[in-house]
Amino acid sequence: MENQDTPQIITHIEHNLNHSLFDCKWIPCSAKFVVIGCLPKGSGTIEIFEITSGEINKIKEIERPNSYKCGTFGASSDIERRLATGDFKGTLEIWDLEKTCQVYITKEHTDIINSIDGIGGNTFNCGAPELVTGSRDGTVKVWDPRQRGKPVANMQPMKGEIKRDCWAVAFGNSFNDAERIVVAGYDNGDLKMFDLRTMSLRWECNLRNGVCSTEFDRKDIPMNKLVATTLEGKFHVFDIRTQNPTKGFAQVLDNSTKSGTIWVSRHLPQNRDIFVTCAGNGQVSLWKYEYPEQRFHVDGHGVAVGVPGKLNRLQRMVISSQPINALDWNKDHLGLAVATAYDQYVRVIVTTKLNLH
Amino acid sequence: MEKAFEIQRNARDNVKSFQTYLTDLQNWETEMKRKEAALHGDFEQDLPPVRSKVRKERPVQVKKKPENRIPSSDYKAWEKFDVDKACEEVDMADVGPASLDSKKSEVNKQEKFRDEAQYEKERGNAFVKQNKWDEAIACYNRAIELVKDDAIYYANRGLCYLKKDSLHQAENDCTEALKLDPTYVKALQRRATARERLGSLRAASSDLNEVIKLEPHNAAAKRQLETIKTRMGTKGAKSKSSPLSTPTLEEKSFTKAKTEAAKPKVIELPQVEPTPLEKWKEGLGENITVIKTVKKPPHLRSKRALKHITIKEIPLGCTVPKPKIIEIDNLAQGDTNNNSDTKKDIDLSAKGDCIQDNITEKVGGNLVHGVGHKVPPIDKMVAPVNSVQFMNEWKYLRGADEARSDYLSIIDPKKIPAIFANALESDVLSELLRTLYEYKDKFTLGGVGAYLQAFANVKRFSALAMFLTDNDKLLINKMLVHCKTKEALSDDEVAELKNKYEF
């Protein structure tokens, strides 16, 4: 039951855009965000909005022939703030938004880039600035903006294997210059963890439903937790501190809400144990992961086995009539988020009392 | 009842907390905007290398020879061992050469910018080839942003603007390029074109004059100047009262000279009596020619090979008759009735390089370019030592086939591969072959056959052979027959030549 400390999720600003939206990201160190989408005629748009005392003002709009699908600022410093985008034709572009021009264009994917993630742009992140893209052509490619044209790593199915549509990618475990991990979720429910240092597949499992979104609770720490959301309203939280050679990672599965596909899940930048899931019925749910008393125990063979924790739902709120397909927490302001949904609205959402958890 | 109160209080609380949140948000917004405005500092990060290059870029580790260990039993050596020094060495090893590193990163950064700019330029050039001017301009914009002191980027962007008919922008870009490199001929020519189309003909022709000054054999510039002059001639009468553009400072001196040239009226300057020192310097009253020192930047100097001039000592008081050159000079000036002071300066300065040059350059500059210009006699020609010299002379002799054959004949065929290195082009080869054929009796240094062999020995000749026209092949065939009959070339040699010329 609601008590005094329960956070509230409130739609602060709602803005109709009259075209499809796919992704939204806060521009680092600003009160602005970009919305990536496509117009009915099929051309892609990148729009920049600024929030000013309860209103959204459009500052800039970029339109290009190909529709964009996803974007990230992760590989760019907070000073340069370059947006990396993936589009429906498989082109990766890095934008200088102030000058409205691309500084990096490469088309190595043969089909739509479904998901993109970046790392290393900020000083507190370790390692090289890198981007990872997952595409319908079945490949996951890692890019360094300093190397033009060619990916620095390419993960693709072996010859003869069926190419699965990669829906989600995420970076993590980047706690020093060498270590780095990419997880990729596929339409057949495969979740693969690639170690970029050793260039090998570290772990894989099947979640029995297409993986729509995946994220580490933090990118720049030794890997701790991983959330993967799937179709049919399920999501998995893995405790990835302890890897058992046979059992893999401990996990908690939540399928309690009959809310349709969970499109996206995002951890709160200020508190890694709180995350939000956005569902197909337009509901956002705020979750908190409660750690068990002991995070692992040693089994009969003397090998450590992880112990799953518990999930505690703090709040939920239906904010849209259509699936919410993207959400981004603001790094600088606790509880501030921007979300896009298939009802063609972009919403600025505030969540109060998060500091109490 | 308790419950109802609690719910009410909760709701109130929530509203309150939301209100506080919103005020916070407002403050944060203004704070962020302020911060963002201040975000324009230099940002540097020490990043690890690109993943795939890690192995390549691993720094070379200096292998230190392990010092001789002192055996524990060698007490005498231990007595000499300096503990303090050893400690210091160990300490220093940890610190490392830090200062070196920081310097390197600065240089690296600059280099990175230059690389990036170069990359953008190449992309821009590719767009230019596809006639995509806007994209090319965007590329050059980025290149200029990265490296601000390269004239090429400005000049190239100028070309794009020119093609897009943004004439003012084109002119500005070329001016910018010329600020960085005042001798950049392409930029001058582009600016001339822009100015010509903008209607400032005088400025355009001054640019072209500059081009001709830098590259006396530049035919395109001469043609353009010619058309501008005719335009000026037709236009001048009508638009004298309303000039299209006000001449800028740099054009003024030229404008004045031009108007004087147009109108034969000459304003006599009051004669100033020269001082004795000036008199001595000018050699006035003495029957001698004073050769003045000439200072020319390297790019303005003649590109022809230097000629050996024997210097004859003259006993003091004994004077030589006036050299012929002066007369020719005067003649030329009289011909062209263009006696502006600037022109004279050029003549004088050119004198320093090569006396014979003077006449030819003079004539080339003022008369209609093409067939019929004066050519140096064979004994004044100098065999080239590299392809640049050759091409200069060869182009200059265009239209004068006889002179070309003379020129070719003084080149030792054995040296031809060395002269051309890999700069022989197919059209030049065609011209060479034609000259060779038409004057085949002239080549005493080993005959036509030697020349043919020499050409075949030029680097990358096989590529050139592919581009030989039917006409060329016909000529070669005829020459080979000539070689066989007149020069007694063996069948083997002829066959080899045929093979090389790909028959």
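Contacts of chain B in a predicted model

In this predicted model, chain B and chain A bury about 3600 Å² between them, and carbon and sulfur atoms give 56% of that area. Y21(B), W28(B) and R51(B) supply 21% of the area that chain B buries against chain A, more than any other three residues.

Q: What makes the pair E50(A) and K33(B) a salt bridge?
A: The N to O distance between the side chains of E50(A) and K33(B) is 3.9 Å. The cut-off is 4 Å, from a side-chain nitrogen of Lys or Arg to a carboxyl oxygen of Asp or Glu, so the pair counts as a salt bridge. The count between chain B and chain A is three salt bridges.

Q: Which helices of chain B each supply at least two residues of the side that touches chain A?
A: They are α1 (2-38), α5 (98-129) and α6 (133-146) of chain B. The largest share, 16 residues, comes from α1(B). By class, the residues of the side of chain B that touches chain A are 13 nonpolar, eight polar and 13 charged.

Q: How many residues are in contact between chain B and chain A?
A: On the chain B side there are 34 residues, in contact with 54 residues of chain A.

Q: Why is the crossing of α17(B) and α20(B) called left-handed?
A: The axes of α17 (residues 387-396) and α20 (residues 426-438) of chain B come within 12 Å and cross at roughly 65°. A left-handed crossing has the near helix turned anticlockwise from the far one by less than a right angle, and α17(B) passes α20(B) in this sense, so the crossing is called left-handed.

Q: Which residues of α17(B) and α20(B) meet?
A: F390(B), M391(B) and W394(B) in α17(B) meet V428(B), E431(B), L432(B) and T435(B) in α20(B). This contact has five nonpolar, one polar and one charged residues.

How values were computed
Residues are numbered from 1 along each chain as its sequence is written. Chains are lettered from A and ligands numbered from 1 in the order in which they are written. This is a predicted model: local features need pLDDT of at least 70, side-chain atom pairs count only at pLDDT 80 or more; totals for chains, interfaces and linings use all residues. Side-chain values use heavy atoms; hydrogens and water are left out. Contact means heavy atoms within 4.5 Å. Buried area is the accessible area (1.4 Å probe) that two parts lose on being put together, summed over both. Helices (H or I, at least four residues) and strands (E, at least two) are DSSP runs, numbered from the N terminus. Ala, Val, Leu, Ile, Met, Phe, Trp, Tyr, Cys and Pro count as nonpolar, Asp, Glu, Lys and Arg as charged, and the others, Gly among them, as polar. Axes are lines fitted to C-alpha atoms, for helices over the stretch in contact, and angles run from 0 to 180 degrees between N-to-C directions.
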